[in-house]
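Visitor: I should be grateful for a close look at a single part of this structure, namely the places where metal ions are held. Please begin with the chain as a whole, and then explain the chosen part step by step.

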Amino acid sequence: MNNLEFAKIFWQIAEFLELKADNPFKIRAYRAAAQNIESLSKSLEEIYAQGGLKAIEEIPGIGTHIGQKIEEQIKTGKVSVLTQLRKEFPQGFLELASIPGLGPKTALLLKKLKIDSLAKLEKAAKSGQLRDLPGFGAKKEKNILRGLNLKKASHGRFLLDEASAHAELLVEELEKLPEAKKILPCGSLRRGQETVGDLDILVVSDKPNIIMDKFVKLAMVKDILAKGETKSSVILKNGLPADLRVVNEKSFGAASHYFTGSKAHNIHIRQLAHQAGWKVSEYGIFNQKGQQIGGQTEADMFAKFRLDYIPPELREMRGEFEAAAKGQLPKLVELSDIKGDLHLHTKATDGLNSIEEMAEAAKKLGYEYILISDHTQSTRVAGGLSESEMLAHLKKIKAANKKIKGLEILAGAEVDILPDGSLDYPNKILNQLDIVIVSIHSNFKMPKEKMTQRIVTALSNPLVKIFCHPTGRLIGQREGYEVDLEKVLPAAQKYNVAIEINAHPQRLDLTDVYCQRAKELGVKMVISTDAHSTDQLELMKYGVMVARRGWLEKKDIVNTQAVRDLL
DNA sequence: GCCGTTTTCGGCCCGACTGTTTTCAGTCG
Ligand SMILES: Nc1nc2c(ncn2[C@H]2C[C@H](O)[C@@H](COP(=O)(O)OP(=O)(O)OP(=O)(O)O)O2)c(=O)[nH]1
Ligand SMILES: [Mg+2]
Ligand SMILES: [Mg+2]
Ligand SMILES: [Zn+2]
């Protein structure tokens, strides 16, 4: 069982306990444990195999009880508490609480009335059965119907590029309002999380009512969920929800910190405030008399606690406070550090543009080099090149490199790793390439052991320099193949192969927590776009975000180096 | 259920919006 599956056990236990109106702090404890398990870069199974229950209990947020449940799952394949809870609730009941605006209290009430599925709820609401319940009324009943519709129409989480694009559009609209003095997109988007649930936009203004009135009337707004004088929530026409928060200038720092999150990070800084005899809210840092003593700038939110500034991408409760207190935060890699793109395609295979077009676009980004890396023969669906076609393609790349000044065009290929771990071309072809990058495009459904061996075998070829999109996952479409990164990463280190952070918003592969692990193991990383067209070269920023979330610095990233120092 | 440079017991972040209330509960950020 992988860590995400372990985490899911505890997310579910938390959910069930909430629906039983159990102790809220116990529920929070389960959620904290789930969150921390998702942040681990080593598998619980492996931690357990190496250090037993004791090692498991050293994980933050995991104590004797949750530790025992992990042990039970490993030993017996189930957690009896969860099995029991599942029996207490009818199938489909959990879905009720996923309706926006309908929480655990209401769900519990509905259960008593035997309304325990979405269909039954809809029927009850439509026939006016809910309005007479205690604490209910006609409006609440209508809101439940609206919530049902919202859930049906819900798009789920959004990829980073679509969320970013809509944030930019929304910011453009808000910039037209003279009452808006500052506008800052916050939330998971600012933290560079791989998917985004909603936009969280902060505005500074002394005229919050005017901002709110104009905000909810914007053409891009489809539905208004709530509207107050400091906070409003809407759904945009593309289905993306957006929250707007308006504060005074003097609260800008505290509010941007609050609204950027993460929630767990926020709670921690509020606990630090408590220890110092202060209080932190989105309005500032306050002393016991209630006077504001800080929080006008975001930097001050850290400085007041003797912490170095923690960049948004690190605010995930993954050790950032300890590092900031000791002055040991990494100096994170930046987009402007990137000197080239080492994974791109042309119309020789499944790309849209020519070598020259890709090169010109790369020059416009200020790059020093690119690697043309088209597909190889086994990847037929992508127009993979036969040996002779590749040799001809090579000549074209070399010719383009001669022709185009101010950019080094390196000749490479994204060589398929065959099921037995051998490569799609013999070494006599690979020898002629400047840089060989490799990846898996077929036979995804191998057992973990075999897949791991397949990859390690490929990486052991001394001509191989980069392993691309190492897990093969496509966000929202398919899980990655089963692979033991605890073996692949050390192999990459041993054979001096760099691991790719694929910057495509649907891949973002390797993920942040494994980037951190790779760094620990001394593995070099490279950030590449896998661009299939000139405009996709600009996806680099999303890969940089992943690297930053993985605590990586310029020196950890191969393509921040000059071309002569590459690999 | 977790956790401890004041604690191994008694805390656990703080505030906005809505609908139903006549002072607050529920839900959410
Ligand atoms: N202090 C505190 N802050 C919270 C809480 N819930 C949310 N926040 C803050 C931190 C979040 O990053 C920010 C925006 O909330 P969201 O629900 O939109 O979460 P976020 O953007 O992190 O993730 P998302 O991708 O939208 O699911 O508000 C909370 O319970 N307490
Ligand atoms: Mg959000
Ligand atoms: Mg939000
Ligand atoms: Zn590719």
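**The metal sites and their setting**

Guide: Chain A contains 22 helices and 17 strands. The model is a predicted one, and every value below is computed from it. Computed along its principal axes in the model, the C-alpha trace of chain A extends over about 80 × 60 × 50 Å. The radius of gyration of chain A is 26 Å, which agrees with the value near 24 Å expected for a compact globule of 567 residues. Of these 567 residues, 52% count as buried.

We may now turn to the metal ions, beginning with magnesium. Two residues, Asp198 and Asp200, coordinate the magnesium ion (ligand 2) through their OD atoms, at 1.9 to 2.1 Å. Asp198 has a further part to play, since this residue bridges the magnesium ion (ligand 2) and the magnesium ion (ligand 3). The two ions lie 3.5 Å apart. Are these residues buried or exposed? The cut-off for a buried residue is a relative accessible area under 20%. Asp198 has a relative accessibility of 17% and therefore counts as buried. Asp200, at 9%, is buried because its value also falls under that cut-off.

The zinc ion (ligand 4) comes next. The zinc ion (ligand 4) is coordinated by four residues: His343 and His345 through NE2, Glu414 through OE and Asp530 through OD, at 2.1 to 2.2 Å. In sequence, the spacing of these donor residues is H-x1-H-x68-E-x115-D. The pattern places one residue between the two histidines, while 68 residues separate the second histidine from the glutamate and 115 separate the glutamate from the aspartate. The angles among the four donor atoms run from 80 to 167°, and the site of the zinc ion (ligand 4) is irregular. For a tetrahedral site, all angles would have to lie between 85 and 135 degrees. The two histidines can be examined in the same way as the aspartates. His343 has a relative accessible area of 0% and so is buried. His345 also counts as buried, because its relative accessibility is 0%.

To summarise the part requested, Asp198 links the magnesium ion (ligand 2) to the magnesium ion (ligand 3), and Asp200 joins Asp198 in coordinating the magnesium ion (ligand 2). The zinc ion (ligand 4) has two histidines, a glutamate and an aspartate as its donor residues.

How values were computed
Residues numbered from 1 in each chain as written. Chains lettered and ligands numbered in written order. Predicted model: local features only at pLDDT ≥ 70, side-chain atom pairs only at ≥ 80, totals over all residues. Heavy atoms only, no water. Donors = N, O, S within 2.8 Å, 3.2 Å for Na, K, Ca; no water. Buried < 20%, exposed > 50% of the residue type's maximum accessible area, 1.4 Å probe, protein only. Tetrahedral: all angles 85-135°; square planar, octahedral: opposite > 155°, others 65-115°. Helix = DSSP H or I, 4+ residues; strand = E, 2+ residues; numbered from the N terminus. Rg over C-alpha atoms; globule rule 2.2 N^0.38 Å.
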